[in-house]
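Work through the exercises below with the sequence and the model in view, and try each task before you read its solution.

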Amino acid sequence: MPSPVSAEPLDRVEEPPPPARSPTRRYERPVLAGIAAVAALLDFWGIWHSAYHTFYASAVRSMTDNPVAFLYGSFDPGNSITLDKLPGFLWPQALSALVLGFHPWSLVVPQALEGVASVVLLHTVVRRWAGVPAGLLAAAFLTLTPVTVGLGRSVTEDAPFVLLLLLAAEATQRATVRAWLRSLVLAGVWVGAAFQCKMLEAWAVLPALAVTYLVAAPTTLRRRIRDLAVSGAAMLAVSLSWMLAAGLTPAAARPYLDGTTDNSPVALVVGYNFLNRFQALGVDAAGTGSVVAGRAHGTASVGMGDSVWKMFSPGLASQTGWLYPLAALGLAAGLYGLWRRRPPRTDPFLAGYLLWGGWLVTFFLVFSFGSVTGHTYYMGVVAVGLSALAATAVTRVRHRSVLCAVLAVNVGWCAALTLYYPRFFPWSVGAAAVLGLPALVLFAVGGSRPRRTALAVALAAVLVVPTVWSVSATSLRYNQPGGFGRIGPGSIATRNGAAALDPAQRRVLAYLTAHRDGARYLAAVPRWQMAAPYILSDNAAVLPLGGFTAHVPYPAPGTFHHLIDTGRLRYVLLSADDLSHRARGARTPGRALVRWAIGHCAPVRVAAYTLYRCGPGHGG
């Protein structure tokens, strides 16, 4: 593919040479292989210690049971209710479990592979734009950003999401070079596939992709608009395919959609998973048929959902923002160089800045004002933009004093960020200072060859602290595979207790199995957390009441009583806590059904649990 003027510095105004194919450097493939190997090592290390993310893993276990559960992302194998998200991000995990067996580590394997693939793909896209050194640096920066390592070791939506958006960026880049409609349509397909992972968040990349093609594609304006319309139609078709399938399927033929009060895919996608994310701005999603914001996602963490300053808070920046100064230099210097040079509309470097600048600014603003409730894994797409722009700052800014000053600021920023956690490897700050100070002095005043060595050492000084954070993921103390992916002192260990039943739960399961009498469900339970151990260990058909938040009106009283009357549900399973006065007075749809069962069904004591047998002859 054609490459822009990778050797042209950002602070000069001479006309660039015509685009030419970037030759493969002798060192490129070995270095890229080494970077990919490091990414794989960080993602796969300790994978045998993976833990189940109880909610998602229960859905994966159910999705391996039958095609309906796989398609809709059923939480339980009885296909009563779905996840509170679209199931696309779990499809690779379910396929992995079918091939490798259902284990905690088999759910992490596709995530780790997607993380490594993202690193390699970022190299490809940045290399075409800014040359071989920038491509390798971007890949290295992304590899050593803690949030990237966390995604490769987690089971959250963002590992496949980042990869799919990078595929869309790569396709858009190829389309822009030659005005290729086929590649642009492919970009729309990739965005639509990303929609199946994170819904409307996937569309946040559209301004960057659309503006890049609209401005820089070498064809007429009319054709550019037409091509974007065709690509947009493909993107909409793929994006909305699951919603249409769910919406057009009779409610009785599919599971209830969690997170909604009206069983509507629009409520799930637009209300529950989009408008609720902007609760800090006073948005109310109740009118869409969604569970209301406070019940859906809880109260936002302190400093979350407020402003751009949230992105600089240690909780988020320590996972993502180590390269803020260098990325800011890359963006500012590129804009300044383009302003000075006044390139033609089809200039490849202009296209690259539209793509990566638009990518970073859009996602940065979306997450600044959209609540992420403390979940750092949302920041994976931000790390991609930061890595691309930081790489161009290092490889293309030739004004030594500017680059030297920003490198010094970046070392200081890394030191300040990690010193917020003074007990977390504080020696890394000293190592950064020892490497950085002499290197920056030599870089500022030395000759040509010493400057190259000094720049490499200065970059090592910038990266030493985030590298320590990333490598800490190999310790279970600072990250456990299978969880939410946070790395470092704020990591919370996930335990596999839900994967195995305790003796009391085994007695309950044995009793319910022996007395099932042909029922569809072994029992109904008031919380999904009670259902998860039985699903994970035995793939048991247990009916959770109220969905993820316990505020979903499923099953409706009429449905609940119909299940009992027809013999498809015979038992309601309660713990001692569920029978407490406080729990019995809770105002949720599920608690109303529990209170009915206590008043109308026959109690049976099994271990530490009380079963209420409902139906003809038992008070039902």
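**Exercise 1. Find where Asn263 lies, and examine its backbone.**

Asn263 is found in the loop that joins α12 (241-248) to α13 (265-272), where helices (H or I, at least four residues) and strands (E, at least two) are DSSP runs, numbered from the N terminus. The next step is the backbone angle: phi of Asn263 is near 60°, a positive value in a residue other than glycine. For comparison, most residues other than glycine have a negative phi.

Before going on, note that this is a predicted model, in which local features need pLDDT of at least 70 and side-chain atom pairs count only at pLDDT 80 or more, while totals for chains, interfaces and linings use all residues. Residues are numbered from 1 along each chain as its sequence is written, and side-chain values use heavy atoms, with hydrogens and water left out.

**Exercise 2. Determine whether the peptide bond from Tyr554 to Pro555 is cis or trans.**

Begin with the place of Pro555, which is the loop between β4 (542-544) and α24 (557-565). The bond that leads from Tyr554 to Pro555 has omega near -5° and is cis. As a general rule, most peptide bonds are trans.

**Exercise 3. Describe how helix α1 and helix α6 pack.**

First take the geometry: α1 (residues 28-44) and α6 (residues 132-143) pack at an angle of about 10°, with their axes 10 Å apart. Here axes are lines fitted to C-alpha atoms, for helices over the stretch in contact, and angles run from 0 to 180 degrees between N-to-C directions. The two helices are therefore roughly parallel to each other, a term for angles under 35 degrees.

Next, look at the residues in contact (heavy atoms within 4.5 Å). Those of α1 include Val31, Leu32 and Ile35, and those of α6 include Leu136 and Ala139. By class, the contact of α1 with α6 has ten nonpolar residues, one polar and one charged, where Ala, Val, Leu, Ile, Met, Phe, Trp, Tyr, Cys and Pro count as nonpolar, Asp, Glu, Lys and Arg as charged, and the others, Gly among them, as polar.

**Exercise 4. State at what angle the axes of helix α2 and helix α23 cross, and which residues make the contact.**

The axes of α2 (residues 54-63) and α23 (residues 528-538) come within 9 Å and cross at roughly 45°. That makes α2 oblique to α23, since oblique covers the angles left over once those under 35 degrees, over 145 and from 65 to 115 are set aside. Among the contact residues are Phe55 and Arg61 of α2, together with Trp528 and Ile535 of α23. The contact of α2 with α23 divides into six nonpolar, four polar and two charged residues.
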